[in-house]
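Grab a pen and open the viewer. Below are a few exercises, each with a solution worked step by step.

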Amino acid sequence: MKNVRISVKAPAKINLTLDVLAKRPDGYHEVEMVMTTVDLADRVDLTLREDGQITLDCSASFVPDDIRNHAYKAAVLLKERYQVSQGVHLYIDKQIPVAAGLAGGSSDAAATLRGLNQLWRLQLSQDQLAELGAEIGSDVPFCVYGGTALAKGRGEQIVHLGTPAACWVILAKPPVGVSTADVYGQLRVDEIVSHPPTGQMLKAIEEQNFSLMCQSLGNVLENVTLDMQPQVRQIKDLMVASGADGVLMSGSGPTVFALVQKEAKVHRIYNALRGFVKDVFVARMLGAQDGEMLA
């Protein structure tokens, strides 16, 4: 059993809508979000260890390699919950920017759960993995499934949706970090003036209507982050000025994405952004659920 290794893709997610409905008694917020995965992805390599140890390395040196890391936490949770005697070495090839509003850490955790389910032969269902994921972080259940979904509760209640209209996604992250806790801390739920048209977004996805999808984009956290980080607003304005069909900040930010159907526009927007920020990515929407193993 030496050197048994598998690799799992960990795709980034973007929020097509993000609404906050109320502050909950448990301190979390009641949310309603439409999320979809894009083909900007980390890769998690899992190598079986017979000595029972859990170890982690990452291509990005500043990513923690202990229990602060969601992927590490996922491995510990599975090992303890199912009393697994074997261990694992995790290697994360990081392509998704950190603290970017793209659920990179949550996706790494989800990939770890899926990979260890196979490596340790636990035979858990996807639903069971998603339930475990909810103990690690609010975005992990969605990342276990991937694809496109409506997420409710604190993000752990998942309703699977169809595949949105095919399009390009250009993502730009300014060189600033944003704390999700800080953004939610600044949000005043009773002062939200405009809520995203979630029902309209669901219709746009069902009909694969690209222009309606662009019209239905909305994120109630956006104004909070824009006030905290003016660079986010500059990126958004630049994308709009460069001809993007739809523009929105993802999650709590600071990454902003542009939706585009014509490939010629992709190059124009990409080049405009590259003159302003270093971290610019061009991706496609994955749309459908993707639990794909790479090896």
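**Exercise 1: a strand pair**

In which sense do strand 7 and strand 11 pair, and over how many bridges?

*Solution.* First, a word on what you're looking at. This is a predicted model, where local features need pLDDT of at least 70 and side-chain atom pairs count only at pLDDT 80 or more, while totals for chains, interfaces and linings use all residues. Residues are numbered from 1 along each chain as its sequence is written, and side-chain values use heavy atoms, with hydrogens and water left out.

Step 1: find the elements. Helices (H or I, at least four residues) and strands (E, at least two) are DSSP runs, numbered from the N terminus. Strand 7 covers residues 168-173, and strand 11 covers 279-284.

Step 2: check the pairing. Two strands pair if DSSP finds at least two bridges between them. Here six bridges link strand 7 and strand 11, in the antiparallel sense.

Step 3: pick out a facing couple. A172 sits opposite V280 in strand 11.

**Exercise 2: the sheet around that pair**

Work out the strand order of the open sheet and say which strands are at its edges.

*Solution.* Step 1: the sheet has four strands, in the order 9-10-7-11, with antiparallel pairing. Step 2: strand 9 and strand 11 are the edge strands, as each pairs on one side only. Step 3: for the twist, neighbouring strands of this sheet are turned by 20° against each other on average, direction ignored.

Step 4: add the helices. Contact means heavy atoms within 4.5 Å. Axes are lines fitted to C-alpha atoms, for helices over the stretch in contact, and angles run from 0 to 180 degrees between N-to-C directions. Helix 10 (residues 263-274) lies across strand 7, strand 10 and strand 11, and runs at about 5° to strand 7.

**Exercise 3: an edge strand and its hairpin**

Are the residues of strand 9 buried or exposed? Describe the turn that follows, too.

*Solution.* Step 1: set the cut-offs. Buried means under 20% relative accessible area, exposed over 50%, and partly exposed in between (1.4 Å probe, protein chains only).

Step 2: recall the rule. In a regular strand the side chains alternate between the two faces of the sheet.

Step 3: apply it. In strand 9 (residues 246-249), G246 and L248 are on one side, V247 and M249 on the other, and all are buried.

Step 4: move to the partner. Four bridges join strand 9 to strand 10 (residues 256-260), and the two run antiparallel. L248 is found opposite F257 of strand 10.

Step 5: look at the turn. The two strands make a hairpin with six residues between them, and G251 in the turn has a positive phi of about 55°. P254 is also in the loop between strand 9 and strand 10; the peptide bond from G253 to P254 is cis, with omega near 5°.

**Exercise 4: one face of a helix**

Which residues of helix 3 are buried, and what do they pack against?

*Solution.* Step 1: in helix 3 (residues 126-133), the buried set is L129, A130, L132 and G133. Step 2: seen down the helix axis, they fall within an arc of 160° (the arc is that of the directions from the axis to the C-beta atoms), so they line one face of helix 3. Step 3: that set packs against helix 1 (70-81), helix 2 (104-119) and helix 4 (140-145).

**Exercise 5: two buried residues, two odd phi values**

Place G153 and T225, then compare the settings of Q123 and Q208.

*Solution.* Step 1: G153 is in the loop between strand 5 (148-152) and strand 6 (157-160). With 0% relative accessibility, G153 counts as buried. Leaving out residues up to four places away in sequence, G153 touches R24, H29, E30 and V31.

Step 2: T225 belongs to helix 8 (residues 222-228) and is buried, at 0% relative accessible area. Neighbours within four places aside, T225 contacts V178, V183, V232, M249 and S252.

Step 3: Q123 is not a glycine, yet its phi is positive, near 55°. Q123 sits in the loop between helix 2 and helix 3 and is exposed, with a relative accessible area of 75%.

Step 4: Q208 isn't a glycine either, and has a positive phi of about 50°. Its loop runs between helix 6 (198-206) and helix 7 (210-215), and at 47% relative accessibility Q208 is partly exposed.
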